[in-house]
Amino acid sequence: MAIFLVDAEVLAQTRFGTSQLTETLGALNILRRGQPLPWHRVWRDQHVDAFHSYLDGDPVTAAIVSHAISSSWMADFLTVPPAHPNMTLDDELVVLESLPDERIRHDLAQVRSPLPPALRGPGLASRTAALLRWVWQHTIEADWPRRQSVLRADVVSRISRLGRDGWAAVIDDMRPGMRWLGDGRLQIDERPYPPFDLRGGELTFFAAHCRGGWVSWRLPDRFGVVYPVTGIFTEASLGAPDPLYRLLGKARSRILVQAAEPVSTTAVVAATGLSLGTVGGHLRVLTDAGLLEKRRSGREVLYWWTDTARALVAGASPG
């Protein structure tokens, strides 16, 4: 199994954040996969034909995509962690666009080889950057404020849990195969990759709308872990059981089912499209009814199920 070796200094300086490039890579991977997860399907169906048309019109870029991502690895040149969280896509792409073709060919060959003749020519960095900008502009940018609110709510939730329950509680459900083993050992994958010594370096966790997440680095000292956000990706995932809908009404039942894990007011606003005042009113009613707990974490107030709510939702669900 692959392990990150960390110490108290690394953990003390570890950050959580968002990244437009990371979100774009997650979207690219969803678009290229033939069998999306159920909560990604509506979004993918809206954009996949245009994505394939783009690749059909540019065989070189299509070859880059084919060789850059496999079921177990993503080419290193794509996954450099940003210097700090919350940079713009253009700022993050500066590193990629500076890379020589030979470096990109080397990284592509580590994922899948041999490389086809289409990848022997120049301009691989600029073509890759152009594709990533297309994915961003055509499938994410207009929805970024809502997406970022969901991502930030997840970050706030994990930071709150870290202060309350420690690293094991935060990490163990972050992404498949990831576990806090203790004694400075963070298991990042169950597959037999060699360990990385992060002591003296920096580590950032990035929330993203993606399938399973990935690990990234800029050696020797910058490391990142991308994990799937627990927030809501599509409107289709907001449904509530019919009995709950009839009891609480459409808006309150939708809000309640989102709060199985701590969720912020801003995340609920972003996901539902309701106004801040309306969401705040429904949250107060649900809290006063004994269905939600609440706690302030920094600038956000987080809400989550009480035992009463858990029993109510379980009783209302079919099965």
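**View 1. Strand pairing between E1 and E5.** Before looking at this pair, it helps to know that two strands count as paired if DSSP finds at least two bridges between them. In this predicted model, strand E1 covers residues 2-5 and runs parallel to E5, with two bridges joining them. Look for Phe4: its bridge partner in E5 is Phe196.

**View 2. The open sheet around E1.** Stepping back from that pair, you can follow four strands in the order E3-E4-E1-E5, which form an open sheet with mixed pairing. Strand E3 (179-182) and strand E5 (196-197) are at the edges with a single partner strand each, so one side of each has no neighbour in the sheet.

**View 3. The largest pocket.** Here the space to find is about 670 Å³. Its lining comprises 28 residues, and those nearest the centre are Ser72, Arg175, Arg191, Gly213 and Trp214. By character, the lining residues divide into 13 nonpolar, nine polar and six charged.

**View 4. Elements that line the largest pocket.** Which element gives the most to this lining? That is E7, with four residues. Helix H2 (20-32), strand E4 (185-189) and strand E7 (214-218) each supply at least two lining residues.

**View 5. The surrounding chain.** To place the close-ups, note that the protein chain has 14 helices and eleven strands. Its radius of gyration is 21 Å, close to the 20 Å that the globule rule gives for 319 residues, so the chain is as compact as a globular protein of that length. Buried residues make up 52% of the 319 residues.

How values were computed
Residues are numbered from 1 along each chain as its sequence is written. This is a predicted model: local features need pLDDT of at least 70, side-chain atom pairs count only at pLDDT 80 or more; totals for chains, interfaces and linings use all residues. Side-chain values use heavy atoms; hydrogens and water are left out. On a 1 Å grid over the protein atoms alone, a cavity is a set of points where a 1.4 Å probe fits but cannot get out, and a pocket is an open set with protein on both sides within 12 Å along at least five of seven lines; lining residues have an atom within 4 Å of a point. Grid points are joined across faces, edges and corners, and a volume is the space filled by probe spheres set on the points. Ala, Val, Leu, Ile, Met, Phe, Trp, Tyr, Cys and Pro count as nonpolar, Asp, Glu, Lys and Arg as charged, and the others, Gly among them, as polar. The radius of gyration is taken over C-alpha atoms; the globule rule is 2.2 Å times the number of residues to the power 0.38. Buried means under 20% relative accessible area, exposed over 50%, partly exposed in between (1.4 Å probe, protein chains only).
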